[in-house]
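Trainee: I have a new structure to go through and don't know where to begin. Can we take it in pieces?

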Amino acid sequence: MEQFDFRSMSFYQIWIRSFADGNGDGIGDLYGVYDKLEYIASLGVDGIWFSPIYPSPNADYGYDISDYRNIHPDYGTLEQFRKVLDRAHGLGLKVILDLVINHTSDMHPWFLESRKGRDNPYSDYYIWRDPKWKGETRLPPNNWFSQFEGLAWEYCPERGQYYLHVFAKKQPDLNMDNPRVREEVKGVMRFWLDMGVDGFREDVITYISKHPQLPDGIPFLPGINGLPFYKDGPNLMAYLREFRAVAREYGAVQIGEAPMTPVKTALTYLTGEDRVLDMMIQFDTMMADCIVTEYVHLPFSLIRLKRAFSKWQKALAGKAWNALYLENHDHPRVISRYGSERFWRESGTMLAAAYLFQQGTPFIYQGQEIGMTNIRLGSIEEYKDVSSINAYHRFFTHRPKEKRLRRIHQSSRDSARTPMQWSGSGFAGFSTVQPWFAVNPNYPAVNVETEEKDPQSILNFYRKCLRLRKSSAALLKGDYREYCPLRRRLYMYERRYRSECVLVVCSFSAREQAWRLPKGFAKGSGVLLLCNYPEEGVPGRLRPYEALVLRFRASDAPAGCPG
Ligand code: NOJ
Ligand code: CA
């Protein structure tokens, strides 16, 4: 079946537990989603990506699945999901589900069987290895750390073996080298595609093929020392081709999450008619204020951010297609990281312009469109996320508690998981009862209801941006070119298609910035399409976090190929 035109679209991501509580138990659910579908459509997006909505013991809030073909009872039923799907389609929204097949929950029936012994039908569904012995001491098969908690191996006395878990202990990795496991995956894909789902966001899909020998990694690199041996592995392409064949039958779109995959490797998955993925979630743009993970913090560098933006824009140009994002459920809120809570409205809107107009399909995470910011909870006990709790207890333990907590405030992905702020009334309008997780105390000011009424709000700016993107061939499919890459507070890029050229100018500064049109643009010939301040400013000066979007005729713009 032919694929739909995902390139002209944009998507809204729902992390359901914190989106909207429709049945009054303090937990977001599909009843709440149903009621908010018109709101989502009103943003001007074309589809929804649901983070996992399946049954899960919630060791990793949905990313530990115990049944691939059902809905978590907290979130509703299959029947309710069908209602959401139909209504979403009725509103012109595509629906994409998370496909989490690198691992399951340790409570998945496959694992419960597999752990029983070496001779049952599921025994080879997971990655089991014998211990290493040093004298009398039992050691794990290699020295890998898991990304979430401690070592990557857990001993199972019933089998006398260890199982691999690249993430939490309760997330055993599936053995994708087993053809039966791949058939299971295809069955799961068909189950949802037959129901009418339009595609998948594929969780850490580049981890599913492990190096056959599982060799030791660098001993002193916590969290990711095994990465070179489980990322972009030897059989990945072959397995992705198998899954692609299923997706093709339905015209489904596949978006692969690919932490640390370099551009060159990415192109092998993303290029051409026989590509195995349509888009990739790269991590470079999430590392402008950290190394590898937010827990290893650095001061924000616009230069690093611009390099990451331009690297992906240039490398994929004419060959593949970018997925654009600045937030999702795995990262702290972007205003708190790359913008300014003091210049909340200005930086929230500027950041929208900085990424929505690049070449690619934008993803907007729930709450990003109203400028939600990081939460700062009073103690680690109030946090819910396994990786935040582990980071607090395991790293920098010599530092005082307050400092460690401050690092969690800055880095925790729980900041993206506080309940969505719908209104200024109790519990931010998310629920009628105490929600499952803390509401950000800024909800009386930062919420949908208030921002709906304000033409200058972040919410309405997102709407304007998405409308503008849809109306401009240059923004939809034009070439990308960056100007002044060395300016430390200014990001300027152009999109150009035939006679239309759009210039986006973004200040990343709390102070005024001088700027001028790059050489070759005819002065006075640009038409201002969008600005994030209500009144015009002074020519040549950008106000704090100001963003301008200007349209030129290509004949009034510099010649030369985009570089
Ligand atoms: C990436 C997901 O986005 C994240 O939330 C999850 O914890 C890991 N993969 C493991 O599934
Ligand atoms: Ca509920």
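Mentor: Start with a term: two strands pair if DSSP finds at least two bridges between them. Strands (E, at least two residues) and helices (H or I, at least four) are DSSP runs, numbered from the N terminus. This is a predicted model, in which local features need pLDDT of at least 70, side-chain atom pairs count only at pLDDT 80 or more, and totals for chains, interfaces and linings use all residues. Residues are numbered from 1 along each chain as its sequence is written, chains are lettered from A and ligands numbered from 1 in the order in which they are written, and side-chain values use heavy atoms, with hydrogens and water left out.

Trainee: OK. In what order do the eight strands of the open sheet come?

Mentor: The order is β11-β10-β9-β3-β2-β1-β15-β14, and the pairing is parallel. β11 (279-281) and β14 sit at the edges, each pairing on one side only.

Trainee: And what packs on the sheet there?

Mentor: Helix α10, residues 344-356, which touches β14 and β15 (361-365). Touching means contact, that is, heavy atoms within 4.5 Å. The direction of α10 makes about 150° with that of β15. Axes are lines fitted to C-alpha atoms, for helices over the stretch in contact, and angles run from 0 to 180 degrees between N-to-C directions.

Trainee: Show me one pair inside the sheet. How many bridges are there between β1 and β2?

Mentor: Four, in the parallel sense, between β1 (residues 11-14) and β2 (residues 47-50). Within that pair, Tyr 12 stands opposite Ile 48 in β2.

Trainee: Next, β10. Why is it said to be largely enclosed by the rest of the structure?

Mentor: Because five of the five residues of β10 (residues 253-257) are buried. Buried is under 20% relative accessible area, exposed is over 50%, and partly exposed is in between (1.4 Å probe, protein chains only). Val 253, Ile 255 and Glu 257 point one way from β10, and Gln 254 and Gly 256 point the other way.

Trainee: What joins β9 to β10?

Mentor: Four bridges, with β9 (residues 199-202) running parallel to β10. Gly 199 has Val 253 in β10 as its bridge partner. Three bridges join β10 to β11, also in parallel, and there Ile 255 is partnered with Met 279 of β11.

Trainee: Different topic: empty space. What is the volume of the largest pocket?

Mentor: About 1,000 Å³. Of the 47 residues that line the largest pocket, Gln 147, Phe 148, Ile 224, Thr 293 and Tyr 295 are the closest to its centre. On a 1 Å grid over the protein atoms alone, a pocket is an open set of points with protein on both sides within 12 Å along at least five of seven lines; a cavity is a set where a 1.4 Å probe fits but cannot get out, and lining residues have an atom within 4 Å of a point. Points are joined across faces, edges and corners, and a volume is the space filled by probe spheres set on the points.

Trainee: Which elements each supply at least two residues of that lining?

Mentor: β12, β13, α11 (386-394) and α12 (401-411). By class, the lining has 24 nonpolar, 12 polar and 11 charged residues. Ala, Val, Leu, Ile, Met, Phe, Trp, Tyr, Cys and Pro count as nonpolar, Asp, Glu, Lys and Arg as charged, and the others, Gly among them, as polar.

Trainee: How do β12 and β13 run?

Mentor: Antiparallel, with two bridges joining β12 (residues 290-291) to β13 (residues 293-297). Ile 291 stands opposite Thr 293 in β13. The two strands form a hairpin with one residue between them, and Val 292 in the turn has a positive phi of about 65°.

Trainee: And the second largest pocket, which residues lie nearest its centre?

Mentor: Trp 515, Pro 539, Gly 540, Leu 548 and Leu 550, out of 23 that line it. About 480 Å³ of space lies in that pocket. β22 (547-553) gives the largest share of the lining, three residues.

Trainee: How many cavities of 30 Å³ or more are there?

Mentor: Four, searching the whole structure. The largest has a volume of about 80 Å³, and its lining includes Trp 312, Tyr 325 and Gln 358. α8 gives the most to that lining, with three residues. The lining has six nonpolar, five polar and no charged residues.

Trainee: What lines the second largest cavity?

Mentor: Trp 15, Ile 16, Arg 17, Ser 51, Pro 52, Tyr 61, Gly 62 and Tyr 75. The volume of that cavity is about 50 Å³.
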